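Colleague: I am new to this structure and should like to understand the reasoning behind the terms used for it. May I put some questions to you?

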Amino acid sequence: MSFPLVQYLASGFSLPRRAQLARFWAVPVVALMLCAAVIALSAKLLADEIEEADQHGRAAAQQSVSSAEAHVNRVLVSIDGLLLSQPSWLALATASGGQLDLTRLRQVMRLNAQHSLAARDLLIVQPNGAVLAQVLRAAGGPGWPDGFVQEVLARGPSTLHFSKVITSPNTAERMVYAARLIRGTDGSPLVAMAQISVGLLGVSLGHGGDWVGASVGLVTQDGQWLAQMPEGALAFGFSATAAQPGSGVEGAALRDGRARLMQLGNGADSVASWVAVRPTLYPQLSVVASVPHDNLVGHAAPHRDQIWAVALAGVALLVGLAIIVWRHLTLQAALRDQLHATQQILVNAMDSMTEGFLVLDRSLRVISVNEQFCVMFPWLRERAAPGVELRELMQLTAAQIKPDGDAAEREAWAAYRIEQMRTAGSAAVHQYPDGRSVLSEHRTTPQGHLVIQYREVTQQLADRRELQIARDEAQAANRAKSNFLAVMSHEIRTPMSGVLGMAELLAQSKLQPDQAEALQAIRDSGDFLLRLVDDILDFSKLEANLLELDEQPLQIRDVLGSACMALMPVAAKRVVDLSWSLGPTVPAWLLGDSVRLRQVLTNLVGNAIKFSAGRADVKGVVQVQADWVPLADTAAGQDGRREGTQEGGQLVLRVKDNGIGLTDAAQAKLFAPFVQAEASTTRRYGGTGLGLAICRRIAERMGGKIEVRSQAGKGATFEVWLPLKSVTAPQGGLARSAAIPLVSPAPEGSTAAAGRAPATRVLVVEDHAINQRLIMRQLDLLGVAHDLRADGREALAAWRAAAEAGHPYAMVLTDLQMPVMDGTQLAEAIRHLEQHGQMSALTGGGVPIIGLSANAMVIPAVSPGAQALFNGALTKPAQLDELRQLLSHWAPDSLKPQISRSS
């Protein structure tokens, strides 16, 4: 109950005690006023009820007369229809000779009378009163009133005529005749009559008497009653044989159909009733309806007992209301004290928070702020009060943030901040002239209020900047490490290239058995050292995310075969049976990186050979199998594997051995870098523990995964799942070899211009003395003529001089890292002269350029811009077979015969 008066009274609790008592005395005064109001209201309600009853009586009389008139009209119209049809019945009963067949006429009349419930009898009467034809003839039945036929003949055929009410001497049933003037087939006048039961008319009138005490009657134009419902001598307050329902002016006024309150009846029997009269479709008859006034308003008459009852009810209501008000005032005072205490606790809690709070309503007006907000923004302390608009606060803040700005600039900043705050869930950081950084977060409550939280983040931003600097330094250190590894790769592999190359050349000569054995030990040790360096470099590239995949069409048959064939000598030496197979569903061509795929296979198969050999009781067995899982199987997640690609499926490589196996603890750390199964494994089998870590990361870079299933002493099975796409066979493509082709070879027959000597020499560019001797010795063994230059500048001059002299070089083999001008700069200079100078005409086309480098991190990462410079690349130390294959692939036709003779 939150009435203004109650609120006014409740507000007295905040006043002194005397003022509170004075305000409470207002309660009985208000109670007396309410008592008087209740009594007056009761009297007014009684008067209104009487008025409403009168209106109801008027409406009841009008609705009754309308409803009864509609039903009487249906009966009268049906009777009139029968009378109007009798001329046609006469025509049907008249023969062709004009003779009337009375028997047939009665049959027709009887047949039609059967379909009418209103007509008791149908007659055709001649002007002299003789009955021409009749449907029924009741014994001693009533006849029409005297003179009725002459009256119908006198009035003519314009309307339907009704007789006075007669009573049947046999049944005491009251009847009335309806008649109409018709013409016979010969034009003679006849009177068609229908006998109607007054009771039937009363039934029709009864449809309008649904109100208590209502009466409906049918009266003729001269004031005689034909029927009434309910039947009774005083239904209308007077006898049914009375002359009129009203007299004088009242009787005439009722003809308009409106209801009027008037006296009906004879003398002392007259009652006040609402009466309405409505003529039927036939003016001789009217329908009269009356509703007694006392029946409608008797229950609403003002009685003294009712007034006292209403007064007592009002007093009881007043007492109850006074009690409720008193209790409400007491409760409201207690709630107000509790609310005040709760508000104070909430204010204290908000003031104790380290964040500033600003609460705004839907119109962006201040509802509440806490103390920390005023501490953070001291220039707003005086203005940040309830009811102040946010725009004013933002304008004051703009003056602090932009002290040198003009009014337009400050207004724009304020508008921007207000629009920013309207976005629920947004946040912004702002710098203030005193060096503070404040983060504001904006949220909206379910009621539409805007809550803005302010938090100083100066220290957090400073810490973040320090973390950013530390991260940049760490990334720089990581890049420095990668560069250091690249340099170390070059510095280690360069002398190793000389050692292994010279050892390979020495192996071509005739050696004593002990010398060949020592030379082989040197070569094995060098190869092992290179593998260790390659593993460390590969892992470093994977860590630095520098390993790039070169996806090209490949045949998994060739990749699997070449990897296993390369390890066959190792398996034979360690007495291990190595076999491999290819599933029947594996596509012929797949899209992938054959080099990295071969690297994974070589590592897994090499480990399988190493850990399954050296047991006297069991011969080592290693089985390698490649299978293909179509997309339909992998899409359903079969065996928990990852889903295949949209165009293909998954290539599954399984390497199974019967070696020493792995425990569960060893499997958990198997793919961690620099970790082997046990410490004794390193002492017995060697290795760095990087091979499986590299394989796993390569598989993940390809979008796949690697898994192992093993038991101690029962061998191990490694599975590699790689999602690859199946492709069609490349047109004219060659499988990737140790050389990495970057552009297509020169066209056939374009190595020498017309009239020029064929190109048969190779230009070698190498700055390291041992590697110079090595490459020159390898080319000598291959039977290839060559020229040597120590840096790129000398090589460019030699290449240009040879082209101008008409003896161009067939190929350029250049180191990538050299002083003065490195290999990339040399290739750029040659391609520039070929494209923009006359060298293309002198050389007959682009000369193949092959890059050589001891830096293993450089060769696979040749940039896309360098693809137009180099045709291929080799990693030093290059084996003699690799160099032969490279020259056979890129050399012009004039140089290939020399290479083929050497092989």
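Colleague: Why is Q460 called partly exposed?

Modeller: In this predicted model, the relative accessible area of Q460 is 39%. Buried requires under 20% and exposed requires over 50%, so Q460, at 39%, counts as partly exposed. Q460 belongs to helix α13, residues 458-507. Between the C-alpha atoms of Q460 and S437 there are 9.3 Å in space, and in sequence the two are 23 residues apart.

Colleague: What makes L601 buried?

Modeller: L601 has a relative accessibility of 1%. The limit for buried is under 20%, and L601 therefore counts as buried. Helix α16, residues 594-612, contains L601. L601 and L653 are 52 residues apart in sequence, with 8.3 Å from C-alpha to C-alpha.

Colleague: Let us turn to the aromatic rings. How many aromatic pairs does a search of the whole structure find?

Modeller: The search finds eight aromatic pairs. In one of these, F377 and W379, the ring centres lie 5.7 Å apart and the planes stand at 70°.

Colleague: Why is the pair of F377 and W379 called edge-to-face?

Modeller: A pair of aromatic rings is described by the distance of the centres and the angle of the planes. Rings pair if their centres lie within 6.5 Å, and planes over 60 degrees apart count as edge-to-face. With F377 and W379 at 5.7 Å and 70°, both conditions are met, so the pair is edge-to-face.

Colleague: Are F377 and W379 buried or partly exposed?

Modeller: F377 is buried, since its relative accessible area is 2%, and the limit is under 20%. W379, by contrast, is at 23%, so W379 counts as partly exposed. Ring pairs join F377 and W379 with F373, Y432 and Y454 in a cluster.

Colleague: How do you know that the charged end of R436 sits over the ring of Y432?

Modeller: The charged end of R436 is 5.4 Å from the centre of the ring of Y432. The distance must be within 6 Å, and the charge must also lie within 35 degrees of the ring normal. The distance satisfies the first condition, and the charge is reported as sitting over the ring.

Colleague: How many disulfides does the structure hold?

Modeller: The structure holds zero disulfides. Two cysteines may nevertheless be described by their burial: C564 is buried, with a relative accessible area of 1%, and C695 counts as buried at 2%.

Colleague: My next topic is charge. How do you know that E151 forms a salt bridge with R155?

Modeller: Side chains of opposite charge can pair when their charged atoms come close. The closest N and O atoms of E151 and R155 are 2.8 Å apart. The cut-off is within 4 Å, so the pair counts as a salt bridge. Both residues lie in helix α5, residues 148-155, four residues apart, about one turn of the helix. E151 is partly exposed at 33%, and R155 is partly exposed at 48%. The structure holds 19 salt bridges.

Colleague: What makes E371 and R381 a salt bridge, with N and O atoms 2.9 Å apart?

Modeller: The closest N and O atoms of E371 and R381 are 2.9 Å apart, and the limit is within 4 Å. E371 lies in helix α10, residues 371-376, and R381 in the loop between α10 and α11, so the pair ties together parts that are 10 residues apart in sequence. E371 is partly exposed at 34%, as is R381 at 36%.

Colleague: Where do D627 and R654 lie, and how many residues apart are they?

Modeller: The side chains of D627 and R654 meet in a salt bridge, with 2.8 Å from N to O. The pair links distant parts of the chain, for D627 is in strand β20, residues 620-630, and R654 in strand β21, residues 649-657, 27 residues apart. D627 is at 17%, which is under 20%, so D627 counts as buried. R654, at 24%, is partly exposed. A network of salt bridges links D627 and R654 with R709 and E719.

How values were computed
Residues are numbered from 1 along each chain as its sequence is written. This is a predicted model: local features need pLDDT of at least 70, side-chain atom pairs count only at pLDDT 80 or more; totals for chains, interfaces and linings use all residues. Side-chain values use heavy atoms; hydrogens and water are left out. Rings of Phe, Tyr and Trp (its six-membered ring) pair if their centres lie within 6.5 Å; planes under 30 degrees apart count as stacked, over 60 as edge-to-face and the rest as tilted. Buried means under 20% relative accessible area, exposed over 50%, partly exposed in between (1.4 Å probe, protein chains only). A disulfide is a pair of cysteine sulfur atoms within 2.5 Å. Helices (H or I, at least four residues) and strands (E, at least two) are DSSP runs, numbered from the N terminus.
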